[in-house]
Amino acid sequence: MRWLSALLARLKPDQAPVPTARAVLALVVLAGIGLGIAVMVPDGWIVGPSLGVVLLALVLVDAALAGGLGEVALTAPVEVEVGARAHLIIRAGLSSRAGHAEAAVALDPRLAPGGVVALPLARKGEAHEGDATITPDRRGPGQIDAVWLRWQGPLGLGARQAKRDLDRPLRVNPNLALLRSRGVQATLRDADIGLVARRMHGDGTMFEALSDYHPGMDRRRIDWKASARHAHLYAKEYEAERNNRIVFAVDCGQAMCEPVAGLARLDRAISVALAAGWVALKGGDLVSLFGFASRVLLSTPFVTDASGFGRLQSAAALLDYETREPNFTLALATLAQQLQRRSLIVVFSDFTDPTSAQLMVESIGRLVARHRVIFVTMLDEELETLARAEPEATQDIALAVGAGQLLRQRALVTAKLRQLGVDVIEAPHDKLGLSLIDAYLSIRQAGGIG
């Protein structure tokens with residue numbers, strides 16, 4: 001029995017032996033055999049417990065033969081964008097005698113559903129290795145807490161289990177895929193602002209130069225004094241304003257936490273705001289981020305150039321998800337007090353009932369008198385689908401009628417905003433970014449901000 005004692009001595013306290021599913025199945029079979037023997041031969045009842053002891057010894061021996069656990073290493077990124085994939089690689093130093101091995105990573109629930117990711121380990125070189133893919137669905141600071149490992153012995157009856165604490169931070173940032181998309185890059189390349197800010201000719205208010213007047217040009221551009229002095233018609237050329245102040249006001253309330261195509265409306269709104277903010281910074285404008293729900297959550301200083309874009313991204317990552325309805329009156333009144341000069345305010349929001357929508361319209365209406373306002377909301381594709389679907393049952397008719405009524409309410413709210421002079425952008429989530437950037441460039445070139 002010395003060899004058995006030597007094997008059992010290899011079992012470390014932090015690598016406890018556990019039975020496998022095969023061992024449990026074997027125990028059930030042996031229990032049936034022992035029970036059958038006890039029924040047929042009453043004096044043979046001892047066979048059942050004896051078989052159980054033998055199985056227990058085999059489990060312990062098999063777990064000892066599996067070998068110990070050496071170094072455990074985790075390869076994971078420090079940062080990942082919300083909705084983007086991140087790869088985790090576990091490398092564990094296990095014996096070559098180890099059979100089936102697997103790992104389970106305990107992490108923040110925002111990184112993976114349930115806060116657990118399981119992955120098998122396969123022999124690679126002198127260690128076992130496995131990888132898994134996670135797709136975070138919430139922004140904010142996350143953490144990989146620990147990894148649990150289990151590896152079986154050569155018989156598949158006993159296994160050993162161990163835990164290694166990791167405490168590895170993994171921050172989930174806003175998604176910048178829209179900024180890297182071909183559409184935004186083409187806009188930066190083809191628009192007058194270009195990838196490097198340069199002078200923009202347009203309908204702004206900044207005088208640039210005089211040029212010869214040609215038929216077809218706007219007569220209001222004629223400089224009559226200069227034309228009389230030189231006995232020749234001259235027209236004024238204007239340059240689009242720079243150093244405009246752009247504020248992206250993001251609603252973080254309950255309606256914006258609803259998912260759209262797997263991501264919260266809030267996350268999609270932040271991605272659009274950052275992409276448009278990058279374009280504005282490249283054009284020489286100043287950009288600020290303002291977040292609100294039942295109270296003001298965030299108000300950043302104005303960023304003056306593209307080198308400060310990282311500060312906007314870091315601030316956007318801190319915008320948390322709120323389960324309360326937004327207080328438009330408080331938030332937009334606070335924003336109006338902070339702005340000392342005319343600005344372009346881009347409001348990202350959504351609404352679910354007429355009462356909250358009316359408060360939103362009134363609050364935005366008070367901004368229009370002094371500022372240029374763009375209201376951005378995502379097209380509710382689910383309501384559109386329900387309203388247009390052909391009914392197959394009575395319940396489908398009720399859903400279609402309800403969806404149609406909600407769509408009419410949305411149309412009424414956006415119509416009121418347009419009557420107040422607000423530019424309304426309502427588009428699917430995948431087209432919202434380019435729609436906002438196009439609207440911003442048009443307003444800027446027309447000199448509608450300053």
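This is a short talk about one pocket and three helix pairs in a predicted model.

Okay, let's begin with the pocket. I'm taking the second largest one, which has a volume of about 200 Å³. Which residues line it? Going along the chain, you have N175, A177, L178, L263, D267, R268, S271 and V272, and then M378, H429, D430 and G433. If you sort that lining by class, you get five nonpolar, four polar and three charged residues.

Now, which helix gives the largest share of that lining? That's α7, with four residues. Two helices, α4 at 177-180 and α7 at 265-282, each supply at least two lining residues.

So let's stay with α7 and look at what it packs against. A quick reminder: two packed helices are described by the angle between their axes and the distance between the axes.

Take α8 to begin with, residues 309-317. Its axis and that of α7 are 11 Å apart, at an angle of about 165°. Angles over 145 degrees count as roughly antiparallel, and therefore that's the label for α7 and α8. Their crossing is right-handed. On the α7 side the contact uses I270, L274, W278 and L281, and on the α8 side F309, L312, Q313 and A316. By class that's seven nonpolar residues, one polar and no charged.

The other α7 partner I want to show is α13, residues 432-445. Here the axes come within 9 Å and cross at roughly 35°, and this crossing is right-handed too. From α7 you have V272, A275, A276, V279 and A280, meeting L432, G433, L436, I437, Y440 and L441 of α13. The count for this contact is ten nonpolar, one polar and no charged residues. If V272 and G433 sound familiar, that's because both were in the pocket lining, and both turn up again in this helix contact.

Last pair, away from α7: α9, residues 328-338, with α10, residues 354-368. The angle is about 10° and the axes are 9 Å apart. Parallel or antiparallel? Roughly parallel, since the cut-off for that is under 35 degrees. α9 brings F328, T329, L332 and A336, while α10 brings L359, M360, S363, I364, R366 and L367. This contact divides into seven nonpolar, two polar and one charged residue.

To wrap up, α7 is the one to click on: it gives four residues to the pocket lining, and it packs with α8 and with α13. That's it from me.

Conventions
Residues are numbered from 1 along each chain as its sequence is written. This is a predicted model: local features need pLDDT of at least 70, side-chain atom pairs count only at pLDDT 80 or more; totals for chains, interfaces and linings use all residues. Side-chain values use heavy atoms; hydrogens and water are left out. On a 1 Å grid over the protein atoms alone, a cavity is a set of points where a 1.4 Å probe fits but cannot get out, and a pocket is an open set with protein on both sides within 12 Å along at least five of seven lines; lining residues have an atom within 4 Å of a point. Grid points are joined across faces, edges and corners, and a volume is the space filled by probe spheres set on the points. Ala, Val, Leu, Ile, Met, Phe, Trp, Tyr, Cys and Pro count as nonpolar, Asp, Glu, Lys and Arg as charged, and the others, Gly among them, as polar. Axes are lines fitted to C-alpha atoms, for helices over the stretch in contact, and angles run from 0 to 180 degrees between N-to-C directions. Angles under 35 degrees count as roughly parallel, over 145 as roughly antiparallel, 65 to 115 as roughly perpendicular and the rest as oblique. A crossing is left-handed if the near helix is turned anticlockwise from the far one by less than a right angle, and right-handed if clockwise. Contact means heavy atoms within 4.5 Å.
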